[in-house]
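Q: Hi! Got a minute to go through this model with me?
A: Sure, put it up and ask away.

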Amino acid sequence: MTSFKTRIRSKSKESGRIILANDYDTETNALESKTLKNITTLHKYLCAIKLNFHLLLPLGKKEINKITKTAHSYGLEVIADIKLNDIGNTNLVTTQRLWDLGFDAVIANPIMGIDSLKQLISNSHKTNHGVITLCHMSAPSAKYAYELDVKQEKKKVYQIFLEWALNQKADGIIVGATYPDVIKYCKSQAKNKLDIYSPGVGTQGGQASEVINAGSDFLIVGRTILNAKNPLDTTKKLSIQS
Ligand code: XMP
């Protein structure tokens with residue numbers, strides 16, 4: 001089996017750079033069948049599907065296994081967006097549970113510290129699973145945390161998180177689509193060593209073509225697709241723009 005990074009890169013060559021953020025609110029029923037329908041309807045224009053607590057909390061093992069199995073049958077990767085941030089042992093048990101559910105990669109928060117991060121990435125890579133680390137989030141106020149100056153390093157927080165991701169060989173980093181200048185900086189440093197995943201296209205204001213030109217490799221899109229009158233057309237359009 002190849003690494004997560006190789007698998008998602010190769011799938012995106014065939015089906016484009018869009019990752020569906022399969023988020024539904026608490027009013028939504030039939031989460032399992034809606035998710036399966038999204039996979040079967042949209043898979044031609046997706047390289048992966050991202051599930052976060054929106055589905056992990058209400059659904060059980062059987063349902064999630066069915067979702068990950070169906071995604072895999074179409075060649076899609078499945079990413080768990082739990083922004084994992086804990087001590088080494090807890091991270092290990094959590095990822096073992098995620099891999100048992102069929103997930104291919106996890107999004108983690110590097111604020112856990114370099115040792116825990118190193119352990120998380122090396123353990124995940126042993127079984128060809130991926131780790132994507134936060135670098136700069138997409139919300140407008142994210143800059144007040146990720147752009148803080150770290151005096152002793154003479155760098156900003158996101159620059160340090162990028163360095164950690166590169167040094168520990170993370171598969172990718174998250175940089176919000178709403179911060180194209182940060183994407184440009186990260187691409188100039190990372191080149192092809194890791195991939196840049198950008199949430200925040202559409203509903204949050206990011207523009208697909210601008211973000212791709214800045215250097216993002218993958219676009220994570222939720223509400224713009226899920227709330228569209230015609231999700232297939234919208235996904236296709238986004239895929240063409242990127
Ligand atoms: P929308 O509906 O805005 O959903 O297209 C975006 C999806 O991405 C997640 N999100 C983030 N995840 N870092 C992340 O790891 C971020 O900066 C970030 N911003 C948004 C969000 O939870 C949703 O699933």
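**Pocket and barrel**

Q: How do the residues lining the largest pocket divide into nonpolar, polar and charged?
A: The lining has nine nonpolar, seven polar and five charged residues. Keep in mind that this is a predicted model.

Q: What volume does that largest pocket have?
A: Its volume is about 390 Å³. There are 21 lining residues, and D23, K50, P199, Q204 and I220 are the closest to the centre.

Q: Nice. Which elements each supply at least two residues of the lining?
A: Those are the strands β2 (48-52), β3 (77-84) and β10 (218-221), along with α11 (223-226).

Q: Back to K50 for a second: which residue is its bridge partner?
A: K50 of β2 is bridged to A21. Strand β1 (residues 18-21) and β2 run parallel, with three bridges joining them.

Q: And the barrel, in what order do its strands close?
A: The order is β1-β2-β3-β4-β5-β8-β9-β10, eight strands with parallel pairing. From one strand to the next, the twist averages 30°.

Q: Changing topic: where does Q152 lie?
A: Q152 is in the loop between β6 (149-150) and β7 (155-156).

Q: Is Q152 buried or exposed, and why?
A: Q152 counts as exposed because its relative accessibility is 70%, and the cut-off for exposed is over 50%.

Q: Last one: how many residues apart are Q152 and R223 in sequence, and what about in space?
A: They are 71 residues apart in sequence, and their C-alpha atoms are 40 Å apart in space.

Definitions and conventions. Residues numbered from 1 in each chain as written. Predicted model: local features only at pLDDT ≥ 70, side-chain atom pairs only at ≥ 80, totals over all residues. Heavy atoms only, no water. Helix = DSSP H or I, 4+ residues; strand = E, 2+ residues; numbered from the N terminus. Buried < 20%, exposed > 50% of the residue type's maximum accessible area, 1.4 Å probe, protein only. 1 Å grid on protein atoms, 1.4 Å probe; cavity = no way out; pocket = protein on both sides within 12 Å on 5 of 7 lines; lining within 4 Å. Points joined across faces, edges and corners; volume = space filled by probe spheres on them. Nonpolar A, V, L, I, M, F, W, Y, C, P; charged D, E, K, R; others polar. Pairing = 2+ DSSP bridges. Axes fitted to C-alpha atoms, helices over the stretch in contact; angles between N-to-C directions.
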